[in-house]
Amino acid sequence: MDLRTALVTLRLRHPFGLSRGTVSELPSLLVRLDPGDPDGAAADGPDRRGLGEAAPVRYLGQSAAAAAPLAVAIAAELAPEILTDPRAITAAGARMRELAPAHSAARCAVDTALWDAAARARGLPLAELLADPDVLDRAGLDRHVLSATSGAAVTSYTIALDELPAMAARAAAAAHLPVLKIKLGKDRDFDRAAARAVAAAAPRARLRVDANGGWTPDDVRDLLPLLVDLGVEQLEQPLPAGRPDLLAALARDCPLPIYADEDVQGPADVAALRGRVAGINVKLMKCGGISPALAMIAAARENGLRVLVGCMIESRVGLAAGAALARLADEADLDAHMLTRADPMPPGSQERLAPDLPRLCGPGLGVPPGALPADGDPEPARVA
């Protein structure tokens with residue numbers, strides 16, 4: 001199948017800081033998969049083209065530019081018939097890993113485009129297709145395991161690391177939202193002050209903390225009394241990745257549920273976290289798309305772990321894919337549409353802060369395949 005790519009720049013509404021650094025814009029690769037019908041659509045049927053996105057996982061050394069040739073190479077080996085067979089879509093992951101072993105975001109772009117096209121060919125929203133027990137069975141996944149939750153109802157909103165007045169101001173602007181995620185991991189004194197400032201600015205919000213691996217065990221033990229006092233309900237990736245033994249030791253005595261993010265990249269990493277953490281953060285870009293995300297969720301359920309569906313800084317394409325999985329998750333952190341400005345894919349970035357999941361109406365992901373910009377075209381969609 002043919003694949004068209006477009007490299008875009010996603011600009012942040014505010015500086016986005018976490019323990020690894022601060023950015024004001026990030027590149028992303030959008031793709032459109034064409035199964036070969038004239039003009040991308042059957043004369044008597046729906047548009048069967050599919051959209052996907054590769055928002056690179058920078059801490060894994062990925063780039064959006066490097067994703068483009070890898071995604072094209074993967075798509076060139078796919079036959080249009082794959083769209084009729086969910087098991088063939090999930091099985092294609094093995095070949096994708098051979099072609100792009102170190103670039104999960106490139107694999108994600110193609111895998112997402114396959115599922116988008118498959119849903120469009122059936123005239124169904126992707127979320128509805130993934131809710132079909134027969135589809136899950138035919139994809140080789142246990143539908144009962146994947147139905148073990150009522151689903152995530154709202155998204156959290158991120159207060160990124162910044163100067164204290166800026167963090168407090170953003171928390172005040174988001175104080176009406178039900179859940180705020182605070183990025184910490186700078187140093188103990190700053191983190192104490194930031195947590196207090198956000199809690200004071202948004203006294204009714206439920207608070208979660210994400211250190212992105214920026215703390216030591218001593219940092220966590222020192223900060224925990226304050227976090228508990230402030231009512232923080234969840235702690236995400238407090239320690240650097242690669243030491244699940246330290247994470248497990250911390251979790252044993254921690255009064256807050258700990259979720260792993262950087263420590264769980266794909267389905268193969270899940271079982272090792274059984275009994276060590278309370279849950280995992282499933283991100284399409286780091287695991288390689290919808291197919292491995294479904295496998296991660298199933299593995300989490302089998303190992304007694306909760307599921308948080310998260311995102312990178314992504315366009316409406318990646319966000320819609322994440323939202324399609326929200327029914328299978330316990331919680332969602334899908335807020336990039338409120339963190340960016342001038343997202344090039346419709347309906348564009350959203351200035352209004354709201355807890356609604358970024359689901360879109362229509363078949364597949366709900367983003368029109370024809371909306372893919374020309375490569376490098378900076379013209380934005382309207383701001384909702």
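In the predicted model, R306 and E331 form a salt bridge whose closest N and O atoms are 3.6 Å apart. R306 belongs to strand β10 and E331 to strand β11, so this pair ties together parts that are 25 residues apart in sequence. R306 is partly exposed, with a relative accessible area of 38%. E331, in contrast, has a relative accessibility of 11% and therefore counts as buried, the limit being 20%. The contact is part of a wider arrangement: salt bridges that share partners join R206, R208, E233, R301, R306, D330 and E331 into one network.

A further member of this network, R208, also forms a salt bridge with E331, and here the closest N and O atoms lie 3.7 Å apart. R208 is located in strand β6 (residues 206-210) and E331 in strand β11, so the pair ties together parts that are 123 residues apart in sequence. R208 has a relative accessible area of 4% and is buried. E331 is likewise buried, at 11%. In total, the structure holds 27 salt bridges. Another of them joins the side chains of D245 and R243, with an N to O distance of 2.9 Å. D245 is partly exposed at 38% relative accessibility, and R243 is partly exposed at 41%.

The strands named above, β6, β10 and β11, take part in an open sheet of eight strands. The order of the strands across the sheet is β4-β5-β6-β7-β8-β9-β10-β11, and the pairing is parallel. The edge strands are β4 (157-159) and β11 (331-333), each of which pairs on one side only. Neighbouring strands of the sheet are turned by 30° against each other on average, when direction is ignored. In general, strands of a sheet pair through backbone hydrogen bonds, in either a parallel or an antiparallel manner. Strand β10 (residues 306-310) runs parallel to β11 and is joined to it by three bridges. Within this pairing, V309 stands opposite A332 of β11. The strands β10 and β11 are thus linked by the bridges of the sheet and also by the side-chain contact of R306 with E331.

Open spaces were examined next. The largest pocket contains about 430 Å³ of space. It is lined by 28 residues, and those closest to its centre are F16, L18, R20, M312 and I313. Two or more lining residues come from each of the elements β1 (2-18), β2 (21-34), β5 (179-183) and α14 (336-339). The greatest contribution is that of β2, with five residues. Sorted by class, the lining of the largest pocket has 14 nonpolar, 10 charged and four polar residues.

The second largest pocket has a volume of about 260 Å³. Its lining is made up of 17 residues, of which R97, P267, C287, S291 and P292 are the closest to the centre. The helices α3 (93-99), α4 (104-121) and α12 (290-302) each supply at least two residues of this lining. By class, the lining of the second largest pocket has eight nonpolar, five polar and four charged residues.

Closed spaces were also searched for. Over the whole structure, one cavity of 30 Å³ or more is found. The largest cavity holds about 90 Å³ of space. The residues that line it are L12, R13, H14, P15, F16, Y157, T158, I159, A160, R170 and L339. The elements that give two or more residues to this lining are β1 and β4. Strand β1 gives the most, with five residues. The lining of the largest cavity divides into seven nonpolar, two polar and two charged residues. F16 appears in the lining of the largest cavity and is also one of the residues closest to the centre of the largest pocket. Strand β4, which contributes to the cavity lining, is an edge strand of the eight-stranded sheet.

Notes. Residues are numbered from 1 along each chain as its sequence is written. This is a predicted model: local features need pLDDT of at least 70, side-chain atom pairs count only at pLDDT 80 or more; totals for chains, interfaces and linings use all residues. Side-chain values use heavy atoms; hydrogens and water are left out. On a 1 Å grid over the protein atoms alone, a cavity is a set of points where a 1.4 Å probe fits but cannot get out, and a pocket is an open set with protein on both sides within 12 Å along at least five of seven lines; lining residues have an atom within 4 Å of a point. Grid points are joined across faces, edges and corners, and a volume is the space filled by probe spheres set on the points. Helices (H or I, at least four residues) and strands (E, at least two) are DSSP runs, numbered from the N terminus. Ala, Val, Leu, Ile, Met, Phe, Trp, Tyr, Cys and Pro count as nonpolar, Asp, Glu, Lys and Arg as charged, and the others, Gly among them, as polar. Two strands pair if DSSP finds at least two bridges between them. Axes are lines fitted to C-alpha atoms, for helices over the stretch in contact, and angles run from 0 to 180 degrees between N-to-C directions. A salt bridge is a side-chain nitrogen of Lys or Arg within 4 Å of a carboxyl oxygen of Asp or Glu. Buried means under 20% relative accessible area, exposed over 50%, partly exposed in between (1.4 Å probe, protein chains only).
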